[in-house]
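Trainee: Got a minute to look at something with me? I'd like to talk it through from the top.
Mentor: Happy to, let's pull it up.

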Amino acid sequence: MSQRWVELRRREMASLLQPERVLYLVHGEKKIRSPLSQLYFCRYCSELRSLECVSHEVDSHYCPSCLENMPSAEAKLKKNRCANCFDCPCCMHTLSTRATNIPAPLPDDPTKTAMKKAYYLACGFCRWTSRDGALWGKAINKLIEYYQQLAQREKLERDRKKLARRRPFMPLAFSQHTIHVVEKYGLGTRLQRTRPGAPITSLAGLSLKEGEDQKEINIEPAQALDEVEPLPEDCYTRPINLPEGTTLRQRLLQPDFQPAGASQLHPKHKHLLIKRSLRCRKCEHNLSKPEFNPTSIKFKIQLVAVSYIPEVRIMSIPNLRFQKESQVLLTLTNPVENITHVTLVACEEGDPEDINSTAKVMVPIKELVLAGKDAAAEYDELAEPQDFQDDPDVVAFRKSNKIGFFIKVVPQREGLGDVTVSFKIRHDFRNLAAPIRPSEEGDASTEAIWLTHHVELNLGPLAP
Amino acid sequence: QAQKTNPSAKIAAGAVVCVESEIRGDVTIGPRTVVHPKARIIAEAGPIIIGEGNLIEEQALIINSYPENIMPDTEGVEPKSMTIGINNVFEVGCVSQALQIGDNNVIESKADLGRNVVLTSGCIVGACCQVNTCEVIPENTVIYGSNSMRRLQTERPQPQTLQLDFLMKILPNYHHMKKAVKVTSTPVRNQAVTH
């Protein structure tokens with residue numbers, strides 16, 4: 001066996017762990033198929049949620065290099081840029097400050113020169129320094145001032161209208177409280193999302209102070225010219241000097257000036273990142289809420305699907321041949337601490353969710369029992385061996401909260417393309433979030449509800 | 001201790017070459033050059049001449065090898081010598097097969113230089129960048145990024161004099177050094193014993 005074969009086989013085994021091989025179906029506004037690691041589980045609705053069926057809200061702003069937290073109002077004022085950190089205009093890496101000693105004339109005595117420290121910015125990745133860039137002028141500030149004025153004027157008009165015609169059945173959107181919330185959080189509530197043509201409210205905050213006379217700024221509209229400057233004569237013959245020009249990405253990162261030459265690049269302040277929280281759209285409960293501190297990666301609320309739903313993973317795939325039955329080994333992991341019963345059901349003919357499968361699958365008929373996840377089990381030497389009667393034809397192995405089981409696959413489609421199978425997995429879920437209702441029989445344990453998920457597996461191509 | 005004796009390696013006085021480095025073939029190392037342990041300088045298809053003030057870090061590989069389509073036994077193949085100028089830095093894990101390297105260049109970690117590249121002066125080849133074109137890299141070029149983008153720098157990288165001085169002082173404290181060998185002079189070993 002050659003080394004190349006060993007390498008290919010190793011890569012194939014490693015790729016089985018890739019999450020995109022096993023997809024769970026989410027019933028939302030759109031039917032989304034996604035790996036379990038990227039899904040959330042709303043335990044109030046008892047349903048899977050994907051990133052597209054939750055609402056995203058901005059939690060806090062922070063700078064990715066100095067990790068400084070910034071309140072949202074201040075962030076809006078600074079155009080979502082950090083005051084202290086800079087980005088390299090060449091490669092967008094973070095710039096670091098370096099010092100050199102330059103001889104400079106002393107202020108008292110111009111004839112003597114002393115070594116003074118001069119600071120400059122340097123990039124560790126592409127070796128760009130701020131001494132390479134040129135100073136820039138204020139070309140676009142006039143436009144910005146004009147738009148600020150426009151936004152301010154529109155806001156004043158709206159406020160005037162509100163105060164003049166205050167009616168009791170005014171929709172909630174125009175109450176003072178909501179406006180205040182909107183200004184604090186930007187476009188947080190759905191009602192205030194920008195519609196094309198609506199007045200620009202985002203710039204309204206950055207305005208002149210009251211009492212200042214508003215200067216009328218006239219902007220000359222861009223005029224279309226008939227005559228254009230002719231191209232230089234050597235346009236076609238001059239050799240192109242690639243390092244001298246800027247790439248499109250470098251140019252567009254500075255939309256004010258869009259420098260064409262690399263010597264005109266200027267460092268920009270670093271863009272702030274946000275921490276976002278996710279909210280289920282149906283029950284308005286938070287699914288994911290990070291901590292406020294930028295240095296902390298933990299979550300205050302983290303309702304991810306992998307900690308509630310049993311996860312199916314592919315363990316090994318034999319050579320699949322057209323219309324020949326093969327056994328595929330899958331594993332099922334139980335994330336919760338109590339015993340879970342899982343039943344697998346093959347999809348029926350004409351199942352509307354079963355659109356991708358290219359093979360027939362025979363799943364084990366019996367119910368699979370998964371032990372609870374016991375965090376202390378790995379340290380406990382005297383753990384009692386779990387006593388589950390496992391059918392060796394179905395269950396290959398059992399290890400704490402994980403079992404390996406076989407499914408039989410018969411590929412139905414010949415030629416190129418991956419073999420995909422799908423089935424439904426039905427498991428019991430104990431809802432610990434639901435309030436404990438005093439039941440009449442005095443039964444303290446929470447009731448289990450049965451959840452069904454549609455799972456699709458990608459088993460790779462047919463064997464050649 | 002068994003020291004790998006390499007009779008054809010010419011190490012100038014003032015060079016600091018660790019014993020754990022592998023030097024094979026006809027290699028000349030200039031003064032004030034530091035060769036770290038586990039660096040490899042292999043002169044297969046011709047001699048290698050390294051100037052002064054260079055810094056060759058661990059696991060760097062400088063190799064003058066045969067071009068791919070020529071077998072070692074082919075007749076009529078003249079040995080081409082590889083010249084490396086002064087004040088260059090070969091960072092950890094880089095591979096250099098370039099036949100001509102000028103001065104004040106920096107070849108960053110895991111960079112790969114092909115045989116037909118000619119580095120002039122003040123160039124910086126970024127980490128993990130592969131340069132195997134058949135061209136002369138202009139002065140003060142910086143090659144960086146996963147696509148090996150290029151740009152011109154206005155100034156050349158500073159020679160690492162501070163680092164060289166530090167290493168020349170500290171390395172002998174922790175490693176055995178290869179003795180300086182000159183072709184014409186008497187063996188240094190006798191001289192060391194008499195001191």
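**Salt bridges and a sheet**

Mentor: Let's start with A:Arg49, which is buried at a relative accessible area of 2%. Keep in mind that this is a predicted model.

Trainee: Which side chain does A:Arg49 meet in a salt bridge?
Mentor: That of A:Glu47, at 3.0 Å from N to O. A:Glu47 is partly exposed, with a relative accessible area of 30%.

Trainee: And what about A:Asp391, what does its side chain meet?
Mentor: A:Lys366, in a salt bridge of 3.2 Å, N to O. A:Asp391 sits in the loop between strands E18 and E19 of chain A, and A:Lys366 in the loop between E17 and E18 of chain A, so the pair ties together parts 25 residues apart in sequence.

Trainee: Is A:Lys366 buried or exposed?
Mentor: Exposed, with a relative accessible area of 53%. A:Asp391 counts as partly exposed at 26% relative accessibility.

Trainee: How many salt bridges does the structure hold over all chains?
Mentor: There are 16 over all chains.

Trainee: Switching to chain B: how many helices and strands are there?
Mentor: Two helices and 21 strands. Six of the strands form an open sheet with parallel pairing, in the order E3-E6-E9-E12-E15-E18 (chain B).

Trainee: Which strands stand at the edges?
Mentor: E3 (22–24) and E18 (130–131) of chain B; each has a single partner strand, so one side of each is left without a neighbour in the sheet.

Trainee: What stands opposite B:Leu113?
Mentor: B:Val131 in E18(B). Strand E15 (residues 112–113) of chain B pairs with E18(B) in the parallel sense, over two bridges.

Technical notes. Residues numbered from 1 in each chain as written. Chains lettered and ligands numbered in written order. Predicted model: local features only at pLDDT ≥ 70, side-chain atom pairs only at ≥ 80, totals over all residues. Heavy atoms only, no water. Helix = DSSP H or I, 4+ residues; strand = E, 2+ residues; numbered from the N terminus. Pairing = 2+ DSSP bridges. Salt bridge = Lys/Arg side-chain N within 4 Å of Asp/Glu carboxyl O. Buried < 20%, exposed > 50% of the residue type's maximum accessible area, 1.4 Å probe, protein only.
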